[in-house]
Structure formats: structure tokens, C-alpha cells
Amino acid sequence: MKINTLRRLFFIGCLFYYGIVCCQSKGMVFIEGSRYIPLYGRDSTVVEVKDFEMDIFPVTNAEFLKFIALNPQWQKSKVKKLFAEENYLNNWLNDHDLKSGVNLKSPVTYVSWFAAKAYCECMGKRLPTIDEWEYVAMADKELRDARVKKSYNQQILAWYETPKTYNNLIGENSKNVWGVYDLHGLVWEWTLDFNSVLISGESRKDVDKDSNLFCGSAAIGATDLMNYAAFMRYAFRGSIKARYAIKNLGFRCVKDVN
Amino acid sequence: MRIRYIVSIILLLLVSCKENNVKVQEGVVNVYECPMHCEGNKMYEEAGVCPVCEMDLKLVQGDSVKETASVKISEMSIFNLNSRWTNQNGQDLHLKDLQGEVLVMVMIYTSCKAACPRLVADMRNIEKRLTAEAKERVKMIFVSIDPEIDTPERLKVFAKENYMDADPWMFLRSTEENTREFAAVVAVSYKEISPIDFSHSNIITVFDQHGEMVFQQEGLGVNSDQTVKHINDAVLKLKKEL
């Protein structure tokens, strides 16, 4: 116990030091790993998440502009079509300016998975896995796992009904117990393994699994179908492709902690 | 301990954004190969001796390297991926090295008991139905979604068991991250459901000689007329360009 506390203190010290010296872990918070059952995923299978750091805010237009200035291969005019569809950075005027009405402090959207991944790698970080993202996202202001609260689900669903939140600025929603902002209420976010969700294109059909398209798809179902919000997130992930650039889809990065 | 922390963090920082630059420069760096081609067309980045025949590696003349580099890769080509792969013979390669042939690729894992044997059968049936001239210019490639278990040795065993340890068959594996990226490109979804079991979509993808996707066959045991036709067409197109 004592050693753990010491380690934690030491870690915080490091974070602090690191933040001052070089601006990398600045803007991230420590997330203590644990085991949990995802809202929607493998049939009542416990998932283990290791300790990591997560960006406090989603990546903004301003930050992405800086990245692009240094990495021209990700400019709107230069990006390879394999890595981003035509819509890429659609709300930017050109490689250096945003369209009028688009705010620098708004989350960057219209980014492909490849671009988001490259951004994080360039910062010495990576995209979060679905399990990591969902783990942090199940917290509210008070609890690390607020999924049992009625208000938690209602708030998220209320957001899903609110139009055009992607035009809002980062940090306007209240932070969760980890100190992370905007996991809900602003934009949807890319995850590293978004393509691990196996929902066929026609899951609207009466047949709930397309056994020819997916091997072992029956193993993946809802552990808690009442959690409609989570179901929507997983369905969304299962429906997108890595080169898509979507109006309300942004991202944030995480980093492993040794 | 604190110092070690800080040093490692600083090191990490130094490495982060420069990685890309290093990769770009690789193209300019000299490349060496065994004069006897013991390991096929395997290239080395440093001078030395061939691990098989122990002859001195010789510098590959700039021309041949430049030639392949100068062929314009289109924006939608999978040859834009820089990931490094290993085949069942333990040879390293980039997807770009496969340029010039029609590629038929599918993602599987060797310990799979359900869909993969059927996918392998589908691939075999497709290959059987190709025209004689198409067979010569096609590579039928299995990409492992389970790089941890599917070592080159394991892939070799699997290839032999299935009588696929020769052209046009090829088995590839890479890191988990590169595999995830490749899957993203071909729109294959997969998820580990236990250490030896994965759920995955069953998609066979055809790429032309420039690495551009020309067709995808989705599902198991489906009619592969279209797939065969697209491969034959791609080979005809390839021959016209020569």
C-alpha cells in the first residue's frame, strides 16, 4: 500500500516535471487500469485495461493545424486517397485556414482513422482501444462506473438528440471523475481497433447475425442491451471505414504508462 | 529510478516524430543482396554475408532500386502502406515488393476451425478456375490476423499441410498494429474472443498490379464467378501494360 502511494506520488511528480520540461504529457491525465465488463461486447466477458494516460480534451482544429504544418502529407491537398476520403477536413478552407464560422477551439472533425492515428503517433501517443475509451467513458462526475445511474444514460442520450454539438468548443461539458472532458456531449471519437466491431451492414434485417460474413459472430452480442447509448456507439464503429471523414467524428490520444 | 523515467521519456520524445523521416531516407540508403539469391529477392540494408551461403552481399545497383521507386504509386494503392511483413519462409518484405502481380488477399489465422478452412478452400477454388496465363501473374496471399501465434514457422507448417508452400501461395504476418492497419484498408473487421479464437469478416480482396483494389468478395462459399473474372481481367490489363 505504502509502495503504491509512493509510486503514485512519484508518477505525479514525473508528470509535473514532464509537463514543464517538454509539453508532452501536459494535457493528459492518469487513468488507473482495472477490470470491467464492457457495456456492449463479448458476452459477459471481463475486460482488463492497464494503466494509461488520456488526453483531457479531444484534439482541436488549432492543434491539428500545427500538426499539418509540420507533416504536409496530411494536408487536405496532399493526403493520399487511400488514407482519407474526399470529405477530409471538409470544414477547412485550405491547408492553413478554417472556413468562416469554424472555431480553432472546436474539436477537429472530418479526420480519417489514418490521420488520427498518425497524429497520435507523431505526439508519441496512440489512439485508445475501444476497451480503454469505454472504460473512461463510463465515468461521470462522481463515479468511475456510473452506468448503473439512470441520469448517466439519460444525459448521453440527450446529447445524441442534440444537433450540431461538433460546432461547440472543447471543455464546455463538465469533466468526469478522471478529469477527462467531452467523452460525451461533443463529438464521437475514433478508436484504434474500431474495426473489431462485428456488425454486418444489414443487421437491421430480422437475422441478427450474418454468419456467412462473420466467423464466430454469435460470440459477440450485447451484454446489456438496455444500454442503448453504448449500443449506438458500437453500431457506429461497426459501420465506418478507416478512410471515412465524418462531420461529428474526432479523436483524442492516449499513452501507455510503464 | 527517477532519472531512468525522465531519460526514457526524453528518449521517447526524440524518437516520436523523427521516425517518419528515417523511413523516407531508407529509400536512398544502399541496399544489398546475396549474389546467389539464396533467399529469393531478399534485400539487406547493411553490407555483410548471406546467412545461407555465407558469400559477401553485393550492393544492388542503383538502377534497379530506382526503377521500382520511380513507378508512380497511385493514391489508392495499398503500396502506400509502409508496413513490413514476413512470409512463411521468414523473409521480410514490404507490400510494395509485390508490385507487378495481381494480388488476391484474405485475412485468416491458422488455429481457426470454423470459417478459415472454408476461406482456404474458397481461395483454392478461385485459383483452380483462373486461366493458365492468369495463374502465372497472380499471388494468392493469406494475411494472418493473429501474428502472435502465427509465427513464420507456424505459417510454414500450415502452408505445407495445405499443399500451399509454393507459388502462387504466400502467407504473411506483421505486427499487431500493422495488421490492424491492413485490416482497416481492406475493411476487414476482427476481434480476439479468446487467446486462440477470433471473430473476423470473410472478405477476399483482389488488387491489380499497382496495388489498387479492383474487387471484394464477401462471405463464405459464395459464388466466386465475379472474383475469378476480375482476376483474369486484371491479368489481361497487366499484360497490355507491359
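Q: Where is B:Pro168 found in this predicted model?
A: B:Pro168 is found in the chain B loop between α6 (152-161) and β8 (169-173).

Q: What makes the peptide bond from B:Asp167 to B:Pro168 cis?
A: Its omega: the angle is near 0°, so the bond counts as cis. Most peptide bonds are trans.

Q: Why is B:Tyr163 called exposed?
A: B:Tyr163 has 9 other C-beta atoms within 10 Å. Exposed means 12 or fewer, so B:Tyr163 qualifies. This tyrosine, B:Tyr163, also lies in the loop between α6 and β8 of chain B, and its phi is near 50°, a positive value in a residue other than glycine.

Q: Is A:Asp182 buried or exposed, and how do you know?
A: Buried. Count the other C-beta atoms within 10 Å of A:Asp182 and you get 25; the cut-off for buried is 20 or more. A:Asp182 sits in the loop between α5 (150-161) and β6 (188-189) of chain A.

Q: Which residues does UniProt list for "binding site"?
A: The unreviewed UniProt entry lists B:Cys112, B:Cys116 and B:His200. They're spread over 89 residues of sequence, yet they cluster in space, with a largest C-alpha distance of 10.4 Å.

Q: Why does B:Cys112 count as buried?
A: B:Cys112 has 20 C-beta neighbours inside 10 Å, and buried needs 20 or more, so B:Cys112 makes the cut.

Q: What makes B:His200 buried?
A: B:His200 has 30 C-beta neighbours inside 10 Å, set against that cut-off of 20 or more. You'll find B:His200 in strand β10 (residues 197-201) of chain B.

How values were computed. Residues numbered from 1 in each chain as written. Chains lettered and ligands numbered in written order. Predicted model: local features only at pLDDT ≥ 70, side-chain atom pairs only at ≥ 80, totals over all residues. UniProt positions renumbered as here; feature names shortened; annotations may be inferred. Helix = DSSP H or I, 4+ residues; strand = E, 2+ residues; numbered from the N terminus.
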